[in-house]
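Reader: Hi! I'm new to looking at protein models, and I'd love a close look at one part of this one. Could you walk me through its pockets?

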Amino acid sequence: MIVFARIDERLLHGQVVMKWIGEVNAKQVVIADDEAAANPVLVNLFTQISPSGVKVYVHTVEDAAKLLQTEEFKGSGTRVMILAKTPLSFVRLLDGGVELKELNVGNMGGGAGRKKIVRGFFYATDEEIAQLKSIDARGVYVYAQNICDMDSKKPLKKLVK
């Protein structure tokens, strides 16, 4: 059962390991990222930094969609967190049959062509905003929240028109 889905360009890092995994009581983390899945050093790093008792899987977006639809991951006894870098990855997961109730937008940093949505952590291109709106239009509650115990949820519909 998917208990948390998050966009974070850093994927699995200290804040996710120390805060989010415990907050949602995730027992499995699925990282859906084509580049990370192709990099053995990152795969090893991500599996090594996971907390005790939490299994980390690093797959391409396509393979992650297939994995998340297996009985092992759909069962109510399984608590799964999904991490991906971009809204497009979540569009692809949804297109691949993954069902989400909510999507947390965490760290999407600034840069050329990116607009400030929430100061300090959420910047997006017009294309990414359109992708997030399309996810929201599918009935997925999309919201921005960088740190679980410090920030309130900011609904996408209130952040972008």
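Author: Here's a tour of the pockets, one after the other. Keep in mind that this is a predicted model. As for the general idea, rolling a probe the size of a water molecule over the atoms shows where empty space is left.

Let's start with the largest pocket, which has a volume of about 420 Å³. Its lining is made up of 21 residues. If you want to find the middle on your screen, look for Ile 2, Val 3, Glu 99, Leu 100 and Lys 101, since those lie nearest the centre of the largest pocket. Three elements give two or more residues to this lining: strand 1 (2-7), helix 1 (14-24) and helix 5 (71-74). Strand 1 has the largest share, with four residues. And what kinds of residues are they? Sorted by class, the lining of the largest pocket has 13 nonpolar, five charged and three polar residues.

Now hop over to the second largest pocket, with about 170 Å³ of space in it. Around it you'll find Ala 32, Asp 33, Asp 34, Glu 35, Val 61, Lys 85, Thr 86, Leu 88, Ser 89 and Arg 92. Helix 2 (34-37) and helix 6 (87-95) each supply at least two residues of that lining, and helix 6 gives the most, with three. By class, the second largest pocket is lined by five charged, three nonpolar and two polar residues.

Conventions
Residues numbered from 1 in each chain as written. Predicted model: local features only at pLDDT ≥ 70, side-chain atom pairs only at ≥ 80, totals over all residues. Heavy atoms only, no water. 1 Å grid on protein atoms, 1.4 Å probe; cavity = no way out; pocket = protein on both sides within 12 Å on 5 of 7 lines; lining within 4 Å. Points joined across faces, edges and corners; volume = space filled by probe spheres on them. Nonpolar A, V, L, I, M, F, W, Y, C, P; charged D, E, K, R; others polar.
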